[in-house]
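Reader: Please begin with the surface of this model and then look closely at the part of it that faces its partner. I would also like the interior and the backbone to be treated with the cut-offs stated.

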Amino acid sequence: MLDIKLIRENPALVRENLAKRNNPECLQMLDELIALDKEWRANNTKLNDLRHDRKQVTMEIAKLKKACQNADAAFAKAQQVDQQVTSAEKQVVEQETKIKDYLLRLPNLLDATVPVGKDSTENVTVKTWGTIPKFNFQVKNHIDLALALDQVDMERAGKVSAARFFYLKNDVAMLDLALMHFALEELQQRGYTPVVPPYMMKRDAYEGVTALGDFEEVLYKIQGEDLYMIATSEHPLAAMYWNEVLKQDDMPVKLAGISTCFRKEAGAHGKDTRGIFRTHQFNKIEQFIFCNPEDSAKLHEELLENAEVLLQKLGLPYRVVNVCTGDIGTVAAKKYDIEAWMPAQGDYREVVSCSNCTDYQARRLGVRYRLKEGAPPLGPVHTLNSTAIATGRTIVALLENNQNEDGTVNIPEVLRKYMGDREKITKKR
RNA sequence: GCCGAGAUGGCAGAGUGGUUAACGCGCGGGCCUUGAGAGCCCGUGGACCUCCCGGUCCGCAUGGGUUCGAAUCCCAUUCUCGGCGCCA
C-alpha cells in the first residue's frame, strides 16, 4: 500500500502517477480516500478528547472512593461520557476500516521508466535473445508431442481432478524435477538461500502480499479453515518477515523459493485450454529479495539477468518486455516479462515475470529495516520477486523447440545429469 | 487430539483491578577526551492535534465480555514450550 503520509503531504504527485494507469477508478478512490482521511482525523481528535474526559471522571471516582466519600454523581457522569465515547468509537472504527480498504485497493506508484500503454499489446520489447529454430518438417505442439511419447495423461487427470490438471509421466516427470534442480543449483551459486515455504497461508498474511481481487480470481481456499493455497512461493516468502524489522547489514536477503503453485485461473475461460501451458497446478523456483530502498532498481536487473541466464543455458530463444502501465497490475512499480519462443504457436509467450514492488508489499506487511540491533526502524524495505523457472511453461517451450522429425525431443545438455545422462526423450518401450 | 504452562518495547524481564509499562541491555544524542573507551546526563512503541513550546489518545498475542475503571478478572481463538496419545 501507499504511505498515507505521502498522500496527505503530496497528493498531486500521487495523483499524477496514478493517472498514468488510465484507470479513472483509481483517481476517484484517491479523492475519496483523501476526504475520508481528513474526516477521520477530525473525528479521531474528538474521540481522544472524549476519552480524556472519561479518564478524568474515572480518576475522580478513584479519589472519592479512597476518601470514602459518595461518588454517585461521578458515576452518573461517567456513564454518560462512556456512551459518547462508545458512539464516537464506532464511527472512527468504521472510517478506519474504509480507509484501510482504500489503501489496500490503491495500486503502487509506477517507476518513471515504465512505458505508458493501454494493454499487453503496448508492452515494449527491450531485448531479444537466441535464434528462432527453423524446422524442415511440420512442427507439432507440445501436447501432441507429449501424448505421442506417453509423457502426459490429460484425460485421466480430467476424470480424477478437473480440466487444467495433468499427470506427467516418464521423462517429462523427470524433466519437471530436473528443471527445479537445475534452477536451484544456479541460484544457490549466486548466493540465494533455498527455501521450501508453507503451501498454505492465512488471510491476514495473504492480504499483505497480493491484490484483493486475487482472493476470488486465483486463490483456492481451504474449506472451513482460514487458509489459502499459495499461488506462488513469492507469497509465503514475502510474508516470512511479516511485522518484523530487518537489520540493514543482513540485507539484501536473497531467497530461492521451492514450491508447487495453485491457481484457479477463474478469468481464463477459453484461453490456452489444451495442454499444460495454463494449469491449476505447477512447480516453480522463485527468486525473492528484501533490500534497502536504494538498492532495488539494481537488484531488479540482477533478478532479470538470473532468469535470462537460465533460459540461455537451456537454449530457449526469448525476448524481454518492459510491461506497460496498462498491463502491470497492482503491486509492482516496474515489471519485466520474459517470453519464450513457442514454435507451434509461432509466438513468444510469458515464462518469467520479474517485478520490483518497491515498498508497497513491505508496507502492507510491516517489514521494516533498522541500521543495527536496538536502533529504531527507518521504514519499509523494498521487495522484489522473479520467476527463476516455472516448470510447466518451460517444458512446453523445451518440447516444442527441441523436437525432431521422428517425434523425439532432445534434452538440453545442462539437464542431462539429472536425467540419467540421456540425450533424448523417446517413447518408453 | 488430550492435559499442563506460557505469550508484555529491538532484546531480557517486573508489574495480579485505581492516572504515568519498573530496572536493565541495546540504540541515539550530549558532556568529558587529541581520538576511542570508560564514566556521567538526556532520550529511545504507535496515532492524532499544534505556529513552535507542547497536548491528547491508543498500545501488554488476537477478538469479545465484566467494570465507573483491565496488562491484571471471565470467554473464545492463534501461536510457543513441556507431558501423553496418534501418525508419513
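Author: The accessible surface of chain A in this predicted model comes to about 21300 Å², 49% of it belonging to carbon and sulfur atoms; such areas are obtained by the Shrake-Rupley method with a 1.4 Å probe, and for residues only the protein chains shown count as cover. Residues are numbered from 1 along each chain as its sequence is written, while chains are lettered from A and ligands numbered from 1 in the order in which they are written. As this is a predicted model, local features need pLDDT of at least 70, side-chain atom pairs count only at pLDDT 80 or more, and totals for chains, interfaces and linings use all residues, with side-chain values resting on heavy atoms and leaving out hydrogens and water.

The C-alpha trace of chain A spans about 100 × 45 × 45 Å along its principal axes, and the chain holds 14 helices and 17 strands, which are DSSP runs numbered from the N terminus (helices H or I of at least four residues, strands E of at least two). Of its 429 residues, 51% are buried, where buried means under 20% relative accessible area, exposed over 50%, and partly exposed in between (1.4 Å probe, protein chains only).

The part that deserves the close look is the surface facing RNA strand B. There are 24 residues around the strand, and those that come nearest are Arg-8, Arg-41, Thr-45, Asn-48 and Gly-374; a residue is near a strand if one of its heavy atoms lies within 4 Å of it. Of the RNA atoms within 4 Å of the protein, 77% belong to sugar or phosphate, and the rest to bases. Polar side-chain atoms approach the sugar or linking oxygens of RNA strand B at three residues: Thr-45 at 2.7 Å, Asn-48, through an N or O atom, also at 2.7 Å, and Glu-373 at 2.8 Å. The elements that give two or more residues to this surface are helix H1 (4-9), helix H3 (24-66) and helix H4 (72-105), and H3 supplies the largest share, 13 residues.

Turning to the interior, one may begin with Thr-391, which sits in helix H13 (residues 391-401) and is buried because its relative accessible area is 0%. Its side chain makes a polar contact of 2.8 Å with the side chain of Asp-176, a polar contact being a pair of N or O atoms within 3.5 Å; within protein, one must be able to donate a hydrogen and the other to accept it, and residues adjacent in sequence count only if both atoms are side-chain atoms. Beyond its neighbours within four places in sequence, Thr-391 is in contact (heavy atoms within 4.5 Å) with Asp-176, Leu-179, Met-180 and Asn-283.

His-382 lies in strand E15 (residues 382-390) and counts as buried because its relative accessibility is 12%. A polar contact of 2.8 Å joins its side chain to that of Ser-296, and the residues in contact with His-382, sequence neighbours within four places aside, include Ile-289, Phe-290, Thr-358 and Asp-359. Ile-289 appears again among the contacts of Leu-303, together with Tyr-192, Cys-354 and Leu-384, among others, once neighbours within four places are left aside. Leu-303 belongs to helix H11 (residues 296-314) and, at 0% relative accessibility, is buried.

The backbone has a few local features worth noting. The peptide bond from Met-251 to Pro-252 is cis, with omega near 0°, and Pro-252 is placed in the loop between strand E7 (245-247) and strand E8 (253-262). On the other side of E7, the loop between helix H10 (234-238) and that strand holds Asn-243, whose phi is positive, about 55°, although it is not a glycine; at 53% relative accessibility, this residue counts as exposed. Asp-150, in the loop between helix H5 (142-148) and strand E2 (152-153), likewise has a positive phi, near 60°, and at 29% it counts as partly exposed. Most residues other than glycine have a negative phi, and most peptide bonds are trans.
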